[in-house]
Amino acid sequence: MHEGIWTTILGLFGLMTIAVLILPLARRYKFPYTVLLAVLGIVLGLLIDATRGAHLGPVSDLFHSFESFNLTSEIIIFVFLPALVFESSLSIDVRKLMADIRPILFLAVVGLLISAFMVGGAVYAVSGMGFVVCLLLGAILSATDPVAVVAIFKDLGAPKRLAILVEGESLFNDATAIVLFNILVAMLLGAADADLFGGALNFIKVFFGGIVVGFLMARLFAWIIGHVGGIALVEVTLTISLAYLSFLIAEHYLHVSGVMATVTAALVMGSIGRTSMSGGGWHLLSETWENLGFWANSLIFVLVGMAVPEIMTHFSRDMVLTLVVLLVTAFVARGVLTHAVLPALSKAHMAADVSLGFRTVMWWGGLRGAVSLALALAVFENDAFPEDVRNFVAALVCAFVLFTLFINATTVGTVMKAFGLDRLSPADLALRNRTIARALDDIGAQVHRVAAERRIPESVADTVARHYRERVEQIRAEERDGADLSEQDWLKIGLMATIGQERQGYFQQYSGGYVHSGIARELVAMTDELMDATKARGVEGYRDVCNYILGFNWRFRLSMRLQRRLGIAGPMSKRLANRMERLRTCQAVLTGVRRSGVDDIRALVGDAAADALCQMLDERLERTMSALSALRAQYPDYAAELQQRYLHQVALRRERADYNRLHDEAIIGAEIYANLQNELEEREAAMGRRPDLDLGLDPEAMVSRVPIFADLSAARIGAIARLLKSQLAIPGETICAKGEAGNSMYFVSSGAIAVHVEPDPVMLGSGDFFGELALLTGAPRTVDVVAETFSDLLILEKRDFDKLLDEHADLKATIERVAEERLKK
Ligand code: CMP
């Protein structure tokens with residue numbers, strides 16, 4: 001048989017075919033897929049050995065081609081690991097990860113070190129090997145494997161938080177183990193001395209360096225993805241490149257942790273990808289990665305299994321005792337971490353509480369897999385190590401991995417059940433039952449209708465309908481339909497459901513092209529904030545976040561300061577335009593939720609809660625609208641321009657949807673369709689970017705709008721304008737605070753200003769002025785002056801006050817007269 005590319009093809013696809021056929025089997029018998037794959041691999045490995053030299057025609061070819069896949073540590077690390085790590089990190093919710101980041105990082109870094117030293121020490125005591133070799137073994141075996149763990153947890157439907165704790169730990173501790181491994185290998189091979197401090201420093205550099213590389217690369221790729229014109233195929237392909245390039249650049253070029261780089265890149269992509277790529281791209285992304293992950297997963301476990309028989313030939317009888325000690329100490333070490341260190345962390349308020357059930361599953365579910373084996377293979381392949389070291393490490397790691405795969409992986413489900421972790425919480429259970437009752441409620445009638453249409457005898461329909469009726473009755477009888485949940489609980493459940501809808505709405509607005517990616521991202525982050533607050537503090541939390549959202553945040557205030565202090569108007573104008581876009585999108589989505597979303601929720605949470613929900617939504621909608629109106633009143637031309645753009649966009653989308661429909665229904669052919677598409681794209685491109693908002697703070701124009709200056713000549717207005725500074729005040733802003741020293745007075749060019757005198761505030765509008773008293777009398781400010789709406793103000797500093805008044809006698813007279821009247825009051 002000639003070696004060649006065809007051998008590789010035969011091997012690859014032969015193996016792939018056999019491997020994926022295991023999945024239906026695993027589903028059928030409810031057995032972990034990964035474990036079955038490993039069994040298959042071992043069987044194949046043994047068969048290949050047994051049939052070597054026999055002439056079995058194509059079967060021999062096939063086996064021979066399998067053998068040509070010499071699984072090396074480099075293949076695992078550079079081919080499989082990036083894809084596996086990227087795929088499992090992509091679906092992790094970063095906010096949930098962050099909520100538990102302290103225990104996760106502690107377990108992954110400090111925990112791994114503790115475990116490595118405990119295992120290393122115990123093995124050293126019984127094996128007769130050098131301490132560093134034993135420590136190396138400890139490091140390799142302390143890395144829990146993300147692949148095996150994630151696969152098992154997906155199968156079992158583990159609670160979200162538990163899955164994140166275990167997945168997060170296993171992703172991060174791979175990085176730690178690899179770094180520690182490299183340091184120990186360097187020491188063993190005489191390339192480095194044992195230097196604790198240097199090692200620690202190196203570790204920090206490698207670990208956090210990886211995070212930085214991954215973050216930067218993901219941001220760069222997200223930016224590129226935002227500029228490829230929404231072609232889903234390109235977008236998704238770029239994420240695949242990102243997975244491998246971030247790993248390679250970090251590991252190979254920058255000598256920092258590739259695992260951390262890829263994990264971070266995937267976390268970033270997972271959280272901002274949906275608002276960076278087109279709607280189709282996001283869809284394709286999850287499907288493509290699910291597929292890639294599945295392929296990588298299927299192949300790696302079979303390949304690992306196939307490597308087992310050969311490695312295990314080096315397992316000698318005198319290793320049995322070491323293996324037993326190894327197993328016991330490894331589980332004891334892990335137990336110390338999960339059952340002693342973790343609770344201590346919680347006690348010290350360094351980590352949120354983790355329940356006993358969770359901790360037990362974390363303990364028992366810490367499987368070892370491909371990463372441990374890759375590191376063991378790296379030792380096994382390396383001729384620089386003495387042979388007994390190579391065999392020792394490889395055989396023990398292999399045996400250990402098999403143990404966790406065959407014993408832990410197959411029983412972790414039972415442990416979960418024992419702690420009731422596979423059951424729904426009371427609130428979820430009530431919601432589930434109401435969902436069933438609602439879905440089944442109408443089914444009896446529907447069955448009868450279909451039966452009548454299809455001329456199926458009434459009696460048959462009765463039997464079927466009865467079955468459903470009984471199920472509903474049974475659920476009702478179980479009294480689990482939430483009778484024990486209070487109104488407040490149901491309101492909270494309803495609120496969370498509307499927040500979910502709101503979030504979905506923002507994604508739709510983004511993929512429809514109505515809102516920019518940055519703003520969509522802000523809005524989505526806002527719903528996360530709402531969700532967290534509602535979960536923690538119910539209605540109150542929800543209200544607090546709503547208030548915060550409608551206010552002006554620190555970024556806005558920063559740009560305001562830039563405009564006022566340095567006259568740089570760009571950032572502020574952008575913030576205001578963003579605010580308008582954000583409020584508009586929020587209003588559109590909330591209106592949708594209020595109009596159609598609440599009905600579905602009503603059936604689940606009941607009338608009382610739904611009514612309260614509607615009231616809250618109405619309130620929020622009203623406040624959003626009034627904030628939007630305030631902004632529109634200040635910049636009517638800009639608002640009209642944006643509205644026009646928006647309607648154009650709506651029209652374009654409708655047009656496109658219509659063409660798509662006609663094409664789908666084969667009413668128009670491909671040529672006409674392509675022609676129409678092109679034209680649509682041209683028109684879309686012609687709309688261009690969002691226009692900039694002009695703050696309208698040109699002093700000269702503002703001065704001429706103030707009546708007391710209006711009659712002056714252009715030259716005079718110019719001279720006065722040079723003395724005045726312009727400024728935009730935002731609603732609710734205190735411009736003068738009672739009792740403060742006053743250094744300037746203000747002319748109102750436009751807007752509404754409230755002077756808070758007793759008993760009722762006096763409103764000032766365009767052409768009015770205030771703050772003159774402090775300048776005339778030298779006394780502190782007499783009352784609070786607050787902007788009611790967005791207001792354009794002209795500011796006159798004290799040092800220019802006298803100069804201006806000396807030059808304009810009539811102005812002086814007016815100001816003094818008004819001041820006198822005000823003082824009298
Ligand atoms: P000053 O005291 O510098 O700061 C507060 C300002 O409120 C004050 O100057 C006046 O310009 C303004 N003010 C005070 N009393 C009245 C009033 N009765 N009607 C309108 N404006 C007033």
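**Close-up 1. Helix 32 and the shell around the ligand.** In this predicted model, helix 32 spans residues 772-777. Helix 32 gives three residues to the shell around the ligand, the largest share. In total, 13 residues surround the ligand. The closest are Gly771, Glu772, Ala774, Arg781 and Thr782.

**Close-up 2. Residue classes in the shell.** Sorted by class, seven residues of the shell around the ligand are nonpolar. Four are charged, and two are polar.

**Close-up 3. Polar atoms facing oxygen atoms of the ligand.** Two side chains appear here, along with one stretch of backbone. Glu772 places a polar side-chain atom 2.7 Å from an oxygen atom of the ligand. For Arg781, a polar side-chain atom also lies 2.7 Å from an oxygen atom of the ligand. Thr782 takes part through its backbone: a polar backbone atom is 2.8 Å from an oxygen atom of the ligand. How much of the ligand's area does the protein bury? Taken alone, the ligand exposes 460 Å², and the protein buries 96% of that.

**Close-up 4. A nonpolar patch on the surface.** Five residues make this patch: Ile5, Trp6, Ile9, Leu12 and Phe13. The patch covers about 500 Å². Phe13, one of its members, lies in helix 1, which runs over residues 5-20.

**Close-up 5. Phe13 in detail.** Is Phe13 buried, partly exposed or exposed? Its relative accessibility is 45%. Buried means under 20% and exposed means over 50%, with partly exposed in between. Phe13 therefore counts as partly exposed.

Key: Residues numbered from 1 in each chain as written. Predicted model: local features only at pLDDT ≥ 70, side-chain atom pairs only at ≥ 80, totals over all residues. Heavy atoms only, no water. Patch = residues over 30% accessible without salt bridge, like charges linked within 9 Å, V, L, I, M, F, W, Y side chains within 5 Å. Areas by Shrake-Rupley, 256 points an atom, 1.4 Å probe, with all protein chains shown as cover. Salt bridge = Lys/Arg side-chain N within 4 Å of Asp/Glu carboxyl O. Helix = DSSP H or I, 4+ residues; strand = E, 2+ residues; numbered from the N terminus. Buried < 20%, exposed > 50% of the residue type's maximum accessible area, 1.4 Å probe, protein only. Near = heavy atom within 4 Å. Polar contact = N/O pair within 3.5 Å; in protein donor to acceptor, adjacent residues only side chain to side chain. Nonpolar A, V, L, I, M, F, W, Y, C, P; charged D, E, K, R; others polar.
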